[in-house]
Each structure stands twice: as C-alpha cells, then as structure tokens.
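Hello, and thanks for sharing this one. Here are my notes on the enclosed spaces, set out point by point.

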Amino acid sequence: MIAFIVRRMVQAVVVMLVVALLAFMMFRYVGDPINQMVGIDTSPAAREALRQRLGLDDPMPLQFARFVANAARGDFGVSYQFKQPVADLLAARLPATLELSIASALFALLVGIPMGVYTGLNRHAPLAKLFLAVSLVGISLPTFLIGILFIFVFAVHLRWLPSFGRGEVVDLGFWTTGLLTVSGLKALILPAITLGLFQMTLIMRLVRAEMLEVMRADFIRFCRARGLTARAIHFGHALKNTLVPVITVTGLQLGSVIAFAIITETVFQWPGMGLLFLQAVQNVDIPIMAAYLMLIAALFVAINLVVDLLYVVVDPRIRLAGRAT
Amino acid sequence: MSELPAVAPRGRLADSDLLAAFLRSRVAMLAALATLLIFAAAAFAPLIAPHDPYDLASLSLLDSLTPPAWRAGGTTTYLLGTDDQGRDLLSALLYGTRISLAVGFASVTFAAVLGISLGLVAGYVGGVVDAVIMRIADVQLTFPAILIALLIDGTVRGLLPGLTREESAFGVLVLSIGLSFWVQYARTVRGSTLVEASKEYVLAARLIGLSPVTIMARHILPNVLGPVLVIAAINLALAIITEATLSFLGVGMPPTQPSLGMLIRVGQDYLFSGEWWIIVFPGAMLAILVLSVNLLGDFLRDALNPKLR
C-alpha cells in the first residue's frame, strides 16, 4: 500500500518536472523575454543589465532549476500584457473558474447518475430512449455551439437568465463568490449546465452500461431471493457496484471540465482563468500560458493521484492485490 | 490465423458484411448521404457559390445584414442573407465548410502519419525509444486536446511573429490539431506492431536481411492499418470540432478567410440584435456535419468490431 502510494508520488513528480521543462522552454525560447518586458526605447546597456539581473545568461540547467524553484513558490514572473505578477492575476480569477467547475461537476453527477440508473433499469422505456438520443446529440455538438443555443433560447428569447458575466459578487477577502447573491446564482446556471452537459451524458451512459452489467450478476439474483425491496437492490447494491468507474471518470473529467471552462468562459464572458488564458494565447503572453499549463498539470496530477487512492478505498480487491505484491 | 498472415485489411473493409450492415442501418445511410452532400458542396464551392466571399472589392456595406430571401427585405441575390460586411452568407458558408473540412482532413492526416510512424518505431524498436515515446504519449493523454492545441497555437504564433494570420493560420491550425491527436494512433499501432513483430513473416523478412525501415513500412504497416482507419474516421469529427472551437475562440482562421467556427464567432455578436441568420446557418451546418461524420464513424467502429457482432 505504502509502496504503491510512493510509486504514484514519484510518477507524479516526474510528470510535473516534464511539464515544467516544457513551460520553461516556452518561456525561454518563444520570443525574447527581455524584448517583451522593456519598451523599444530601452538602451542595449539597460537590456543587458536586465538580462544579467534575471540570470538569463546563466547555464540552462541553472536557469531551469531557478524556474522550478520559483514556480514551486508560486512565482511565475510578470505578464507581458498586464505588467502584473502572473500569480496575482491567476489568483484573482481562480474563484470564478472553481465555482463554475464545481457547479457543473455537481450538475453532471446529480443529473447524470439518476438518469443513468433510470435508463439502465428501464432499457426499453420511451423516456430512456429519448435520454439516449439527446445524449448522443449532446456528445456530438461542440460546447460553444450548445452555449450559444442556450443563450439564444434562455437569454434572448425567454429572457429568464443573464447571458454573460458573473452577476453581483461578494468579496470575502480571500475569495470572491457569486454564490451569495441572486444575480450571481442566476448567472451561474447557464454556464454551469453548458460546461457540465458533456460530463453529464458521459456519466449517464457509463452508469447505464454498468447498471445493465451489474443487474445481470449473481449477487443481485441473490438479493432478490433474500426478498429485498427493489429500491434496496437498485440503490443499495447495484448502484454501489457501479461507482468505481464513475469515480474514475468524474475525477479524470474534473480536469477536462477546467480545460473546457476556457470555451464556456469565452461564450459567457465569465471572468475566470480560462478567459485569461485565452487572452494570453491571443496575445502570445507566454508567462501566463506557462503558468496556466503548470497549474492545470498540477491539478491533473493531483486528481489522478486522488482517484488512484480512492480506488484503493472503494475497491477492496485492489487493496488486497497491493498487499500481496 | 497464423497460416494466413497477410490478410489485407482493405479486403476486409470492402467485405460484403460491411456493405450489408450499411444497407441495413438507416441512420448510417442518412449520415452518409448528408456527409457526401456536404463534402461535395465544399469541394465544388467555387463552382456553386453565387459570390466570391474573398473578393473584398465586391463587398458593399450597403448590402450588409440583409435577411434571407424569404424574409421581408431579403433579395434573391443573397439567398441566405448577408453578414455585417455585406458578405453573401451562402457563399461564405460554402467556402467556410471547405476550409473547415480542409483543416480537418489535413490535421487528421498529419496526426495519423505522425502517430503511425511513432507507434511503428516504438513497437518495433522497443527499449528506450519505446519508453520515451510512450511516456510522452501518457503525459499528453492526461491533458485535453483542446488545451494542447491552444498552447501549441500560441507558441507557434510566438515563434513566427513575422507571418500574418492569413499566411500562417492554416498551417498553425493543422500543426496544433495534429499534434494534439497523434497519441491514439501511436498507442493502437504500437499495440498491433508488438503482436505483428513476433510473427513468422517478420522473422523471415529479418532473416533475408531487409532493413528495419523496409520491414516496418512494407510488411508490418499494411497489417496494422485496419483499426487506424476507424480512429481516423472518428477523429475527423473531433478535428472539425477543434478547428471550429479554435476559430470561434479567435485563434484559428482569420476573419477574411472565415471557417465555420469564425462565422459563428461573427454571428454571436448579432444574437441580441435580431440578425439570427448570421449565426444559425453556420451553426446548423457545423452541427449537421459533425453529427453525420460522428454517426458514420460510430457505424464503422461497430461494424468492424467483431466483438459487437
């Protein structure tokens, strides 16, 4: 068990170092950092001084080590466009993105699992077929098109919900939240559903497939023989046994939720990290791109690690296998 | 199976089983029809399109935001209406589909060639080369393709500051989409290469002294291509979506050579002012295109997968 954890930790560190190397190469070799930081009227001598001060003449391994050390402390340099520390910019945008991602993940789980259970138990019901057909369309259409469709229907036509921004936010000092105001909550609905739709259909199909599989298993027949109620069988026994893949997929998808937030945030002008990253890509603002890459990588690696560890908790077979080796 | 090592995958593709399954599936036939129509419209766009959307001189701002022909104020000159610059939407749509498909095909081809080559080398050579290629694939697979495409897009444009969007957009798109989709091919090909490399015909080829490159390209490659074709079919829809997304986000095709994604981006600004046609037609076109290519890919995958028969 401990050997397993240690091995996964080492893997995680290696992945992070590879990503850091990529980010470093981007920062160092895409364009000249000095040119980006100073104005055109800066003299060559001043440029050289800045180059010296930033250590850009040092040997590459030393520069890379410094880059990693700085990144570990949360120092990603200064944005070319905004002339502000990248860490501050990202930190200011983090709450918006996290609230959006978590809301959409909750939506995907709370709607996807019941729909999956329903379609798995009532395979041939018309409603189940409708769910499946809609989910196929949902998987096929690009996120931004779905978002625009929602805006068109719910914001332009019905005028129920706002089409852009976060609404009123409350500043808690360390965190700005839109969850405490009515307009903030209303503004959250459309982006969260847009972002969560793909995950929802994925979870639904997964739960459905697993339910179909599990309901055929012997232990379910045994439950029936024991005279358990249908409810106890479906939710107590069958659903529980479908949860391992659901945990994995949801966990792994949490990362892509945050990545796809780039698109959703653009459609809804949601002031999160994704929008910041996109502006950085448009303007080739390498420090922000590098920092975002590192941040997302750290998130992915952490999620993968947690999912692997959760596996061990949920599925005793893995625990036993780990002990045997 | 080992007695008949060289069953060409092409023969299996054209097998009557596939055709029979196709004729039985109404969805597949409908999807194929829609795909063919759209492909043809895109291929012959210069012949069909009533106007040349790239000819800036022919654009007239007086004609801008004309509604479709069947609405009040519309004219038959512009069947589907015009956009904010007076560009004929039907022509822009045809040319836009052409660009979207061109980027899609080019990037799928690029990804497939890259992935197949790396997969072959990893599977056949093995050792350190294999480990390095597959670790890179593992790391890349953890990230969503769209994020990788965005990063490569930004980086490449940073490396080529001298080029204008018009000159570089196509290449940058193909490069970034291709580089974000190669992993699947590499993994599949590596897997089948490992199986093939242990077979007797490969041993025989090595015994008569053929070079590794010849063995990989002439002998193993034809035997591992089958599954790759299915991946390519499914990836085409993904590539089209990725291109549309990148263009929609403003880092893809320039406004002067709009792809479907760029047309939708332009149309989004007019969502609130009532000029719905600017966004609805490109949006519907993209949706139908992606849906039919997807359905066709799914059909191919199911029909060629003996486990599901």
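1. Let me start with the largest cavity, which holds about 40 Å³ of space. Please keep in mind throughout that the model is predicted.

2. Who lines this space? The residues around the largest cavity are Ala105(A), Ala108(A), Gln199(A), Ile203(A), Thr250(A), Gln253(A), Leu254(A) and Val257(A). Two or more residues each come from α5 (86-121), α8 (182-215) and α10 (230-267) of chain A. Of the elements, α10(A) contributes the most, with four residues.

3. On chemistry, you will find no charged residues in the lining of the largest cavity; five are nonpolar and three are polar.

4. A search of the whole structure turns up two cavities of 30 Å³ or more, so do look at the other one too. The second largest cavity has a volume of about 30 Å³.

5. For your selection, the second largest cavity is lined by Ser107(B), Val108(B), Ala111(B), Ile177(B), Gly178(B), Phe181(B), Tyr185(B), Asn235(B) and Ala239(B). The elements of chain B that supply two or more of these residues are α5 (89-125), α8 (165-197) and α10 (212-248). Here α8(B) provides the largest share, four residues.

6. How many residues of each class line the second largest cavity? Six are nonpolar and three are polar, while charged residues are absent from this lining.

Definitions and conventions:
Residues are numbered from 1 along each chain as its sequence is written. Chains are lettered from A and ligands numbered from 1 in the order in which they are written. This is a predicted model: local features need pLDDT of at least 70, side-chain atom pairs count only at pLDDT 80 or more; totals for chains, interfaces and linings use all residues. Side-chain values use heavy atoms; hydrogens and water are left out. On a 1 Å grid over the protein atoms alone, a cavity is a set of points where a 1.4 Å probe fits but cannot get out, and a pocket is an open set with protein on both sides within 12 Å along at least five of seven lines; lining residues have an atom within 4 Å of a point. Grid points are joined across faces, edges and corners, and a volume is the space filled by probe spheres set on the points. Ala, Val, Leu, Ile, Met, Phe, Trp, Tyr, Cys and Pro count as nonpolar, Asp, Glu, Lys and Arg as charged, and the others, Gly among them, as polar.
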